[in-house]
Amino acid sequence: MTKLKNDTLIRALLREPVPYTPTWLMRQAGRYLPEYNQTRARAGNFLALCKNPDLATEVTLQPLARYPLDAAIVFSDILTIPDAMGLGLYFAEGEGPKFERPLREEWAIRDLTAPDPADHLRYVLDTVSQARRALAGSVPLIGFSGSPFTLACYMIEGGGSSDFASVKKMLYQRPDLLHHILNVNASAVTAYLNAQIEAGAQVVMVFDTWGGMLSHAAFHEFSLAYTARIVAGLKREHDGVRVPTIVFTKGGGGWLEDIAAIGCDAVGLDWTIDIGAARARVGTRVALQGNLDPAILLSSPEAIQREAGAILASYGRGNGHVFNLGHGISQHTPPENVAALLETVRGASASYH
Ligand code: CP3
């Protein structure tokens with residue numbers, strides 16, 4: 001086992017001392033990079049790219065060839081699990097993800113089973129092990145999954161939505177059916193993340209993109225309880241090395257203490273909360289990851305310096321901060337603005353450590 005040359009991300013997630021604040025960006029490999037668009041064109045489309053481990057590995061490494069990032073994230077999508085369950089994922093050009101067979105009927109919901117990751121999700125595990133090998137110990141590799149609730153949103157709705165009305169209708173009218181889906185999803189996600197850890201993922205992150213649209217009570221019952229079950233079921237060590245876990249709930253600022261209490265090592269923050277106030281609330285229980293508004297990357301290097309500097313100052317001195325965006329990078333981001341951000345954080349953060 002090669003030792004990591006740059007382990008600042010792992011150390012920050014475990015709240016150990018680091019010389020500067022490590023940084024990576026959600027969706028750091030994506031359409032704002034011309035080389036990504038070229039590789040995607042070679043693959044044919046986004047899903048074909050995800051399913052081709054050679055090309056997915058190439059794309060995983062692209063942002064690291066350009067920028068001094070402190071982590072790689074395996075190139076894939078959260079919707080690989082429902083695809084492996086047989087729902088038929090496809091991406092209509094410009095329309096986002098869709099399922100050919102969304103969960104509409106009770107019999108289909110009762111038939112749902114957790115896929116064996118070694119079988120139906122082999123291509124993701126192959127990408128993880130290839131990317132890990134290609135990184136050669138330079139920076140850690142992050143594996144990820146959607147949360148059971150966020151996956152259920154797409155599975156029931158059949159695609160993206162502005163209000164996920166059919167999900168909420170099921171939640172209030174047939175909570176038993178939603179709980180059944182969430183149970184299967186939680187088993188699937190636990191097995192999938194553990195398989196990614198076995199294949200070489202050195203950090204794992206759960207994306208709960210839609211938990212924040214729930215009421216207080218519904219968030220706890222239908223989202224957080226299942227994320228907690230996953231965290232409890234994850235391997236915390238591989239080859240004698242700790243594998244930190246990150247939980248990100250978009251819109252979850254009101255429930256920070258509760259999320260921090262489920263046993264994860266770090267909590268991801270969107271941009272709607274002040275990171276210093278968040279730190280005061282969670283204390284030393286978890287590290288915090290975030291939380292620059294991705295829209296700031298559409299502006300100028302001066303505005304980026306100011307806003308990134310404000311986040312570093314708000315978090316303040318000491319351990320436990322991983323710099324990131326509050327959500328995925330926009331496809332309209334000028335690549336040179338990402339360089340400006342990373343230069344700022346690397347330079348300005350040293351004085352806080
Ligand atoms: O962070 C990374 O670089 C790793 C790759 C990654 C992708 N999707 C690639 C992707 C990750 C971590 C995801 C997670 C994901 N996927 C989430 C959770 C995080 C979030 O953004 O809230 C969700 C909800 C999805 C589902 C999904 N996939 C949507 C809604 C879309 C369409 C939105 C869009 O940006 O077009 C996708 C497609 C997708 N996933 C793209 C990428 C790079 C763009 C597709 C393309 O290249 O055409």
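Here are some questions and answers about burial, ligand contacts and cavities in this predicted model.

Q: Why is Gly 30 called buried?
A: Buried means under 20% relative accessible area. Gly 30 has a relative accessibility of 10%, so Gly 30 counts as buried.

Q: Where is Gly 30 found, and how many residues separate Gly 30 from Cys 153 in sequence?
A: Gly 30 sits in the loop between helix 1 (8-13) and helix 2 (34-43). In sequence, 123 residues separate Gly 30 and Cys 153, and their C-alpha atoms are 23 Å apart in space.

Q: Which residues are the closest to the ligand?
A: The ligand is surrounded by 22 residues, and the closest are Arg 27, Arg 31, Tyr 36, Arg 40 and His 327.

Q: What makes the pair formed by Arg 27 and the ligand a polar contact?
A: A polar contact is a pair of N or O atoms within 3.5 Å. A polar backbone atom of Arg 27 is 2.6 Å from an oxygen atom of the ligand, so this pair meets the cut-off.

Q: Which polar side-chain atoms make contacts of this kind with the ligand?
A: Arg 31 has a polar side-chain atom 2.6 Å from a ligand oxygen atom. For Thr 209, a polar side-chain atom lies 2.7 Å from an oxygen atom of the ligand. With the cut-off at 3.5 Å, both pairs therefore count as polar contacts.
A: As for cover, the ligand has 870 Å² of accessible area on its own, and the protein covers 88% of that.

Q: How many cavities of 30 Å³ or more does a search of the whole structure find?
A: The search finds two. The largest has a volume of about 40 Å³, and the second largest has about 30 Å³.

Q: What makes Thr 249 and Asp 270 lining residues of the largest cavity?
A: A lining residue has an atom within 4 Å of a cavity point. Thr 249 and Asp 270 are among the residues that line the largest cavity, so each has such an atom. Helix 13 (256-260) and strand 9 (266-268) each supply at least two residues of this lining.

Q: Why does Gly 252, in the lining of the largest cavity, count as polar?
A: The classes place Gly among the polar residues, so Gly 252 is counted there. By class, this lining has five nonpolar, four polar and one charged residues.

Q: What lines the second largest cavity, and how do its residues divide by class?
A: Its lining consists of Tyr 20, Thr 21, Thr 23, Pro 68, Asp 70, Leu 342, Val 345 and Arg 346. These divide into four nonpolar, two polar and two charged. Asp and Arg count as charged, so Asp 70 and Arg 346 belong to that class.

Definitions and conventions. Residues numbered from 1 in each chain as written. Predicted model: local features only at pLDDT ≥ 70, side-chain atom pairs only at ≥ 80, totals over all residues. Heavy atoms only, no water. 1 Å grid on protein atoms, 1.4 Å probe; cavity = no way out; pocket = protein on both sides within 12 Å on 5 of 7 lines; lining within 4 Å. Points joined across faces, edges and corners; volume = space filled by probe spheres on them. Helix = DSSP H or I, 4+ residues; strand = E, 2+ residues; numbered from the N terminus. Buried < 20%, exposed > 50% of the residue type's maximum accessible area, 1.4 Å probe, protein only. Near = heavy atom within 4 Å. Polar contact = N/O pair within 3.5 Å; in protein donor to acceptor, adjacent residues only side chain to side chain. Areas by Shrake-Rupley, 256 points an atom, 1.4 Å probe, with all protein chains shown as cover.
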